[in-house]
Amino acid sequence: MDLKEPDLEKYRTQMERCFRCSLCKWVPITQVKGWRFAQNCPAILKYNFHAYSGGGKLIAALGLLEGKYGITEEFVRVVYRCSLCGACDLACKIILGERMEPLEILHELRRRFFREGRIPERHGRLVEDTLKYGNPYAEPQEGRGAWAGGLGVEGGKRPEVLYFAGCTPSYRLPSVAKNTIRLLKRAGVSFGILAEKETCCGSPLYKIGAEEAFREQVERNLEGFDRLGAEILVTQCAGCYHMFRTVYPEMGGMDLEVLHLSEYVERLLEEGRIGFTREMPLKVTWHDPCHLGRLGERRPRWGGREVKRYGQMVLTEPRKKVAYGKEGVYEPPRRILRAIPGVSLVEMQRIREFSFCCAAGGGVRAAYPDLAHFGARERLEEAKATGAEALVTCCPFCELNFLEALEGRDGGVRVMDLTELVLEAMGEEGQGLEIRR
């Protein structure tokens, strides 16, 4: 796979096009339901300085491109105190449509910073740990499949499904992986796991700009997928889903059908392979993970050109498909929750493609845990405001961040994984979330 040098120059026109409207800091006005939860960016909410906004970083990138300043330590902090959740990208596109790609520019900026060795110290260790151990937690590779012990997982040939557990369930939240296996077995699904041969999807490497290391992880995973020979890959990790669903195909490989666990559970319900028999009197709200929602939409490559019409309208030829985030996974988990007897689903103010990021992604939790926990507590406050008893989601990384943010605090709501609720509604006892240290 060829590696291209970082090239901010190709985005010069877009960076010059930013007219400082600051709408990248807010949920689009048609979606605002009150002042308290109107902002869309954890970093700008915490630091309240324009450079942390999407537009602020575009202006900073343009200044760097034009040689007005170099890469300072403060510049590094501004660039990497960002979860790359795509909220500013969506807000900008609602105003300027196909003419802007802020998220692409932020990725390109990070690629340049990484190539020049200007990254947070913790991110340097994260790259080393992922390449050495196959996971960003620096846990031994031989223990990756330990969570499956005693669950009767058999390694048959060409199973119906490859279950990709991911790093966080394997090493920090094993209950998530165990619940999933019990669910699949109850449904009679023929499945396989890679266990110790599973390795990180590469999402952390991709997000911090370590492209060469990321591509190494891609090749390792594709080899593992080919060995197992399944036709469907199922994961509940939203970060893994984003990689396998939208990024891997753009790199020339991914022959499996990729489904998030919520999509697959909905399919099992429709096929009658599982059913709900237990009443669950519980008021819940659903958290849309960024990587499952607005970042779960494919962004096809575009190689056209911009043209000006009528002396002022800038259009694309051929017309570029704009990724507004509407094609993410939103309905499957909501339909599952509504199908569970007794469950009452109440929505937060920022939902679907306008969801508020928990702030753990993009390398933030690794290098700036204070920002990650700030974003998690903000989201938990929004969940609490609905009157829900539990915040339910299906992203282990979000869940880990929520649990860490709650340590020693009364969050007012319980954090649950979707699998726990589904198993209990099926008449079994699902394991609750608990961090393994």
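Below are some exercises on the strands and helices of this predicted model, each with a worked solution.

Local features here need pLDDT of at least 70, side-chain atom pairs count only at pLDDT 80 or more, and totals for chains, interfaces and linings use all residues. Residues are numbered from 1 along each chain as its sequence is written, and side-chain values use heavy atoms, with hydrogens and water left out.

**Exercise 1. Work out the order of the open sheet that contains strand 3, and find its edge strands.**

Step 1: get the vocabulary straight. Strands (E, at least two residues) and helices (H or I, at least four) are DSSP runs numbered from the N terminus. Two strands pair if DSSP finds at least two bridges between them.

Step 2: put the strands in order. The four strands go 2-1-3-4, with parallel pairing.

Step 3: look for strands that pair on one side only. Those are strand 2 (191–192) and strand 4 (257–260).

Step 4: check the pairs around strand 3. Strand 1 and strand 3 are parallel and share three bridges, with leucine 162 opposite leucine 233. On to strand 4: four bridges link it to strand 3 (residues 232–235), again in the parallel sense. Leucine 233 faces valine 258 there, while threonine 235 has histidine 260 as its bridge partner.

**Exercise 2. Decide whether the two faces of strand 3 are covered or open, and say what lies across the sheet.**

Step 1: recall the pattern. In a regular strand, side chains alternate between the two faces of the sheet.

Step 2: sort the residues. Ile232 and Val234 sit on one side of strand 3, Leu233 and Thr235 on the other. All of these are buried, so both faces are covered (buried means under 20% relative accessible area, exposed over 50%, partly exposed in between, with a 1.4 Å probe and protein chains only).

Step 3: find the helix. Helix 13 (residues 261–270) lies across strand 1 (161–163), strand 3 and strand 4, and runs at about 90° to strand 4. Such angles run from 0 to 180 degrees between N-to-C directions, with axes fitted as lines to C-alpha atoms, for helices over the stretch in contact.

Step 4: add helix 12 (residues 238–247). Nine of its ten residues are buried, among them Tyr241, His242 and Phe244. The buried residues pack against helix 10 (203–208), helix 11, strand 3, strand 4 and helix 13 (contact means heavy atoms within 4.5 Å).

**Exercise 3. Classify how helix 3 crosses helix 6, and sort the contact residues by class.**

Step 1: take the geometry. The axes of helix 3 (residues 54–65) and helix 6 (residues 102–115) come within 10 Å and cross at roughly 45°.

Step 2: apply the angle classes. Helix 3 is therefore oblique to helix 6; under 35 degrees counts as roughly parallel, over 145 as roughly antiparallel, 65 to 115 as roughly perpendicular and the rest as oblique.

Step 3: give the hand. The crossing is left-handed, that is, the near helix is turned anticlockwise from the far one by less than a right angle (clockwise would be right-handed).

Step 4: list the contact. Helix 3 brings Lys57, Leu58, Ala61 and Leu64, and helix 6 brings Pro102, Ile105, Leu106, Leu109, Arg112 and Phe113. By class that gives eight nonpolar, no polar and two charged residues. Ala, Val, Leu, Ile, Met, Phe, Trp, Tyr, Cys and Pro count as nonpolar, Asp, Glu, Lys and Arg as charged, and the others, Gly among them, as polar.

**Exercise 4. Find the edges of the sheet with the order 8-5-9-10, and the helix that packs on that sheet.**

Step 1: note the build. This is an open sheet of four strands with parallel pairing.

Step 2: spot the edges. Strand 8 (343–345) and strand 10 (414–417) each have a single partner strand, so one side of each is left without a neighbour in the sheet.

Step 3: add the twist, which averages 35° from one strand to the next.

Step 4: check one pair. Strand 9 (residues 390–393) runs parallel to strand 10 and is joined to it by four bridges; leucine 391 has valine 415 as its partner.

Step 5: place the helix. Helix 18 (residues 418–425) touches strand 5 (282–286), strand 8, strand 9 and strand 10, and its direction makes about 75° with that of strand 10.
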